[in-house]
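Okay, thanks for coming, everyone. I'll put the structure up, and then we'll walk through a few spots together.

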Amino acid sequence: MAPSATTTATIQTKSSTPDLSFDRSYVQIIGGKPSPTKEVRHGLNPANLQPKEDVPLATQEDLDRAVTCAKDAFKTWSRVPYEERRNAVLAYADAVDHLRLQFRDLLVAEQGKPIPQADYETDAAIEWMRGMANIALPEDVIEDNARHTVTTRYVPIGIVGAIIPWNFPLLLATGKIAPALLTGNVIIVKPSPFTPYCGLKLVELAQQFFPPGVVQSLSGDDRLGPWITSHPGIDKISFTGSTTTGKLVLQSASKTLKRVTLELGGNDPAIVLPDINIDKVAQQVAFYAFLNSGQICLNLKRIYVHESIYEEFRDAVVGHVRSYVIGDGSKPGVSHGPLQNSMQYERVKTFFDDIEKQGWKVATGGKIEPSQGYFVTPTIIDRPDEDSRIVVEEPFGPIVPLLSWKTEDEVITRANNTSMGLGASVWSNDIKKATRIGKLIQAGNVWINTHFDLSPLAPFGGHKESGIGAEWGSNGLKGFCNVQTLFCNKQTVS
Ligand code: NAD
C-alpha cells in the first residue's frame with residue numbers, strides 16, 4: 001500500500017468514544033479547535049429565503065494560521081502508515097453514517113434539494129469515503145534485476161486546498177477529504193459561501209478521528225478562494241466549480257506551480273436512437289435533464305432525438321416533466337426544489353427572457369411564476385437553432401433544448417461541437433451500435449442507456465474545458481500524489 005514512509009507515526013485521536021452530537025452552531029476549525037471570527041455571515045434557505053444560522057467570516061490571518069497548523073500536521077500525518085490512515089477514514093465514515101439524517105436534513109435546508117435526492121447525496125458521501133478507502137495504490141516495481149530495483153511510489157503532495165461548489169456540498173466535500181487523507185496529505189476545506197453548513201459540520205466531526213491540523217475548514221466570502229489559490233504554503237488545489245472560475249484558479253495557482261485538479265462545467269448531450277422504447281427513455285432522459293432542478297454539472301443539457309421519433313418523444317418528455325412536483329424540498333412528495341441562490345436564479349431568468357427575444361418555441365413551461373423562493377418552472381425548448389445560447393451555454397437550471405438529428409455522423413459532430421467535455425449518453429436497444437457511437441464522443445464520462453451513474457472506484461473528470469485531471473478511483477488518489485521513482489542499487493558502496 002502507498003504512500004509509505006521512511007519512518008512512521010501513529011494517530012493520536014482525542015477520544016475512543018466519539019461525540020456524535022449535532023448542534024446548530026457552525027464553526028471553522030483551525031489546528032483542531034473552533035476558530036471564531038470577529039465578523040459573521042449567513043446563508044439563506046432557497047425555498048423560503050429565510051436566513052440560516054451565522055457562520056464565520058474568515059480573514060487572511062485565519063488562512064495563514066491554518067497553513068501553519070497544516071504544515072506541522074503534515075510532518076506526522078504523511079508518515080502514518082496507510083492502514084492506520086485508512087482505519088481513521090473508515091471510522092470517520094461510520095460517524096457521518098451515524099449522523100446521516102442530520103446531514104441529510106441540513107443539506108435539504110441549505111441546498112434546497114428534495115429529500116430523496118438529499119438521501120442519495122448523503123449515502124453517496126458516505127459510500128465515497130468507504131469506497132476510496134478500499135482502493136489499493138501499490139508501489140509499482142518497474143525493474144528488478146541483479147543491478148537494481150526501480151520502483152514508482154506515490155507520495156503525498158502536502159497541503160491541499162479543497163474548494164467546493166454549492167450544488168453537492170456534502171458529496172463533493174467527502175469526495176475530496178477522503179482521498180487527500182488516505183494518500184497522506186492534509187486538507188483545508190472551503191465550502192461555497194452559498195452552502196457552508198454541511199462542509200463545516202463535516203470538518204468539525206472529523207476532529208475526533210484525525211490529529212489537529214490534518215482536516216481544517218475556513219468559511220469565508222468571495223475573497224477566500226483567491227487567497228487560497230494564491231497562498232504560497234498550499235501545494236495542491238482540488239477545485240470543483242464553473243469553467244470560468246476554474247480558469248482563474250489555474251492562473252492563480254500557476255504562480256507557485258501548485259498541482260491542480262479542476263472539475264468544471266458541462267454541456268452533456270444525450271443521443272437518442274430511433275429503436276428505443278419511447279416512453280421509458282423519455283422518462284429517463286427527462287429525469288437526468290431536470291434532476292436537482294438542472295443544477296448538476298452532469299445534467300443532460302442537449303437532447304438529440306432521431307427525427308423519425310422526434311414528435312412522439314417530445315410529447316412523452318413533456319408528459320413526464322408536467323408531472324413533476326415543484327416545491328420546498330423538505331416537504332414529502334416534492335420532486336424538484338428551487339434554484340440554490342439569487343445569482344443562479346438571475347442567470348437562469350436570462351434564458352427565459354430569451355424565449356421571446358430569440359423566438360424560441362416552448363414545448364412546456366416557459367414562464368417563471370413569482371414565489372417565496374427561487375423556484376423555476378421546468379421548461380423545454382423545441383428545436384432552437386444549434387448556435388443559440390440555450391444549446392451552446394450551460395444554463396445550470398431547469399431549461400433544456402430538445403433537438404432532432406438525421407444521420408449518425410451529423411449527430412456525433414454536433415454532440416462534439418462544444419468546448420465542454422464532461423459527460424454524454426447514447427440511448428439505443430442496439431448496445432453495440434450505441435457503444436460505437438459513445439466511444440466517438442469527446443467526454444470524460446460516457447454512458448449507454450443511462451446517465452450520471454458514478455462510482456467511488458471510477459475516475460471522474462472532464463475533457464476540454466470541463467476540467468483537468470480526475471478525482472475518485474485510483475486515478476483520483478494518484479491526483480493527490482507526487483510520483484517518486486526510487487532507484488535502489490543492489491551493490492553497496494563500501
Ligand atoms: P463557482 O465556480 O462559482 O464556485 C465554486 C467554488 O469556487 C465556490 O466555493 C466559490 O466560493 C469558489 N470561488 C469563486 N471564485 C473563486 C476564485 N476566483 N478563486 C478560487 N475560488 C473561487 O461554481 P458554482 O456556481 O459554485 O458551481 C456551479 C458550477 O460548478 C457549474 O458550472 C457546474 O457545472 C460546476 N460543477 C462541476 C462539477 C464537476 O465535478 N465537474 C461538479 C459540480 C459543479
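So, how many salt bridges does a search of the whole structure find? The search turns up 34 salt bridges. One thing to keep in mind as we go: what you're looking at is a predicted model.

Let me start with one pair. The side chains of Arg-100 and Asp-123 come together in a salt bridge, with 2.8 Å from N to O. Where do these two sit? Arg-100 is in helix α3, which covers residues 100–111, and Asp-123 is in helix α4, residues 115–133, so this salt bridge ties together parts that are 23 residues apart in sequence. Now, buried or exposed? Arg-100 has a relative accessibility of 18%, and the cut-off for buried is under 20%, so Arg-100 counts as buried. Asp-123, on the other hand, is partly exposed, at 37%.

Next, have a look further along the chain. Asp-315 and Arg-314 also meet through their side chains in a salt bridge, at 3.1 Å from N to O. Here the Arg-314 end is buried, with 14% relative accessibility, while Asp-315 is partly exposed at 45%.

And then there's Arg-383 with Asp-382: another salt bridge between side chains, this one at 3.0 Å, N to O. In this pair Asp-382 is buried, at 5% relative accessibility, and Arg-383 is partly exposed, at 33%. Which residues does the network here take in? Salt bridges with shared partners link Glu-311, Arg-314, Asp-315, Lys-361, Asp-382 and Arg-383 into one network. You'll notice that Asp-315 and Arg-314, from a moment ago, are in there too.

Okay, leaving the charges. Please find Thr-174, in helix α5, residues 171–182. Thr-174 is buried, with a relative accessibility of 0%. What is Thr-174 in contact with, if we skip its neighbours within four places in sequence? The list is Ala-125, Met-129, Pro-179 and Leu-202.

Last stop, the cysteines. A quick reminder: a disulfide is a covalent bond joining the sulfur atoms of two cysteines. How many disulfides does the structure hold? Zero. Two cysteines to click on while you're here: Cys-481 is buried, at 8% relative accessibility, and Cys-488 is partly exposed, at 41%.

That's my tour, so over to you.

How values were computed. Residues numbered from 1 in each chain as written. Predicted model: local features only at pLDDT ≥ 70, side-chain atom pairs only at ≥ 80, totals over all residues. Heavy atoms only, no water. Salt bridge = Lys/Arg side-chain N within 4 Å of Asp/Glu carboxyl O. Helix = DSSP H or I, 4+ residues; strand = E, 2+ residues; numbered from the N terminus. Buried < 20%, exposed > 50% of the residue type's maximum accessible area, 1.4 Å probe, protein only. Contact = heavy atoms within 4.5 Å. Disulfide = S-S within 2.5 Å.
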